[in-house]
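Let's take a look at a protein and see how some of its pieces sit together. Have the sequence and the 3D view ready.

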Amino acid sequence: MLWKNIGIVFVFVGLFVAIKLQLPADKPLEPVRLNPLTPVTESHSITVSSYPVDDYATQSNSVPSFPDDNSTHVYILSEYTTSGQPDFAIYSWITQDITITFALDRVRLRETLAAVAENHSSGTVIMTFSNLKYHDVLVNWMIGLETSGVDNYFVFSLDEKTKQWMKDHNVPTMVIPMVHFPALWFVRMIVFRNIATVGVPFIHTDTDAVWVQNPLPFLATLVKHQNSSIFFSQGTVAPSKLSAKWGFVVCGGFFFVRPTPWVTTELLGSVLLDLLSNSRVPKYETDQDSLNWSLHNEHIQWHIVPNTTYKKRQFRAQFTCSQQPIVGTFPKSTETITLLPHHLFQRKAMYRRFGEPYVLHLYAKTNPASKMLVFRKYGLWRIRDDWMEVAWASNRTQWVLGTVNKTTKVNYYKTIPDRNFEDVV
């Protein structure tokens, strides 16, 4: 009983500190020590049942031999080669089902990402996934990072042309050609789990999550006070059952991972198992649904700082936001996760009454044209129309800054009037 009471005291002390949180201007994240590894390759085999064959799957340029006469299409999803030897490969044979076989050399992955992380004081890699279809959105995302003084990013290219463009522009990359896009929900969770396993701290951010200022000092402060293993941005109302129960959900479009065995084995492992057992993925649900249900199945308890909440609306449904971080604890673990304040990491645009945000991951339909319209409305589309004609300057940062639309400047977001933003409910 004594230890239980002491634990309760520490939780409330942590929440009190969160209320008094002061953000330093230049406090870097403390790097996490890399885990010792032996050269081991981990393999996965995933079957997605009852999902129709996508015609786009027939457009692959690199098709290996058919394994048997029952397969209708065969294609390589991923191949990363060093010295002529494949280190990172995902293959898929499509029949009525989709089967993905995944093999990854963890040592090679660690070496690749650690080289990016070591060039920054945070020891952290910012990573995303993108393909040629989202090229404009990707470069707009790069502008957000570079204008925020952040250059430690890595792109998992989802086609060969994107990979080659990344190499030509000195952007660290690894190719995972996704000719059947829904497979990404499975593949990227495997990638997250393996990055956590090799011990590289990372931030995953979707390419439509636009950075307007550097969030790393803020995250460094949270690490000191909450010491959570994962810091998630907030979603809106999906999955709806959990949004109704909790008042909010976590979002997979921006999150920061500090690798621990619990993250690798318990949390991300359970998310992957839920993905594999959920017949609604990928046709009706995504990895975000599995992520939230895995937290629910771990019996997460959320701790909201009193008198800090407000409401926002999405699809005629309301969800709860807080001006302070929301800590999640688990009955069978000492690990915690943290939900980042919505006004600082926005999923639904809002007034700047609580302060300037770091990242705006505003909801839009999945096609690039819809995202561009949303970006333009909120002053987040900062790329020149003729950005492809900007000459390479031998320096990546200099080239990226050269693609900025000169009429909007770097701080165009701040010039958008408040009337363009929705108020709280």
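## A buried asparagine

Let's start with Asn-194, which is buried, as its relative accessible area is just 1%. Keep in mind that this is a predicted model. Asn-194 belongs to helix α5. Along the sequence, Asn-194 and Leu-109 are 85 residues apart, yet their C-alpha atoms are 8.3 Å apart in space.

## Two helices side by side

Now for the helix around that residue. When two helices pack, people describe them by the angle between their axes and the distance between the axes. Helix α5 covers residues 184-198 and helix α8 covers residues 261-277; their axes come within 10 Å and cross at roughly 170 degrees. Angles over 145 degrees count as roughly antiparallel, so that is the label for α5 and α8.

Which residues of α5 and α8 meet? On the α5 side you'll find Trp-185, Phe-186, Met-189, Ile-190, Phe-192, Arg-193, Ala-196 and Thr-197. Facing them in α8 are Val-263, Thr-264, Leu-268, Gly-269, Val-271, Leu-272, Leu-275 and Leu-276. Sorted by class, this contact has 12 nonpolar, three polar and one charged residues.

## Two nonpolar cores

The largest nonpolar core has 49 residues, and those with the most contacts inside it are Phe-129, Phe-156, Ile-195, Trp-302 and Ile-337. Helix α5 turns up again here: it gives the most to this core, with 10 residues. Another core, of 48 residues, lies apart from that one, and its members include Tyr-134, Tyr-153, Trp-165 and Phe-345.

Want to zoom in on Phe-156? Leaving out residues up to four places away in sequence, Phe-156 touches Met-127, Thr-128, Phe-129, Ser-130, Met-174, Ile-176, Val-191 and Ile-195.

## A helix wrapped up inside

Why is helix α6 (residues 216-225) largely enclosed by the rest of the structure? Because eight of its 10 residues are buried. Those buried residues are Leu-216, Pro-217, Phe-218, Leu-219, Ala-220, Thr-221, Leu-222 and Val-223.

The cover over them includes the strands β8 (202-205), β10 (230-234), β11 (250-257) and β17 (345-346). After α6 comes Asn-227, with a positive phi near 55 degrees.

## A word on cysteines

How many disulfides does the model have? The count comes to zero. Two cysteines are worth finding in the view anyway: Cys-251 is buried at 2% relative accessibility, and Cys-321 is buried with a relative accessible area of 0%.

How values were computed. Residues are numbered from 1 along each chain as its sequence is written. This is a predicted model: local features need pLDDT of at least 70, side-chain atom pairs count only at pLDDT 80 or more; totals for chains, interfaces and linings use all residues. Side-chain values use heavy atoms; hydrogens and water are left out. Axes are lines fitted to C-alpha atoms, for helices over the stretch in contact, and angles run from 0 to 180 degrees between N-to-C directions. Helices (H or I, at least four residues) and strands (E, at least two) are DSSP runs, numbered from the N terminus. Angles under 35 degrees count as roughly parallel, over 145 as roughly antiparallel, 65 to 115 as roughly perpendicular and the rest as oblique. Contact means heavy atoms within 4.5 Å. Ala, Val, Leu, Ile, Met, Phe, Trp, Tyr, Cys and Pro count as nonpolar, Asp, Glu, Lys and Arg as charged, and the others, Gly among them, as polar. A disulfide is a pair of cysteine sulfur atoms within 2.5 Å. Buried means under 20% relative accessible area, exposed over 50%, partly exposed in between (1.4 Å probe, protein chains only). A nonpolar core is a set of buried Ala, Val, Leu, Ile, Met, Phe, Trp, Tyr and Cys residues joined through side-chain atoms within 4.5 Å.
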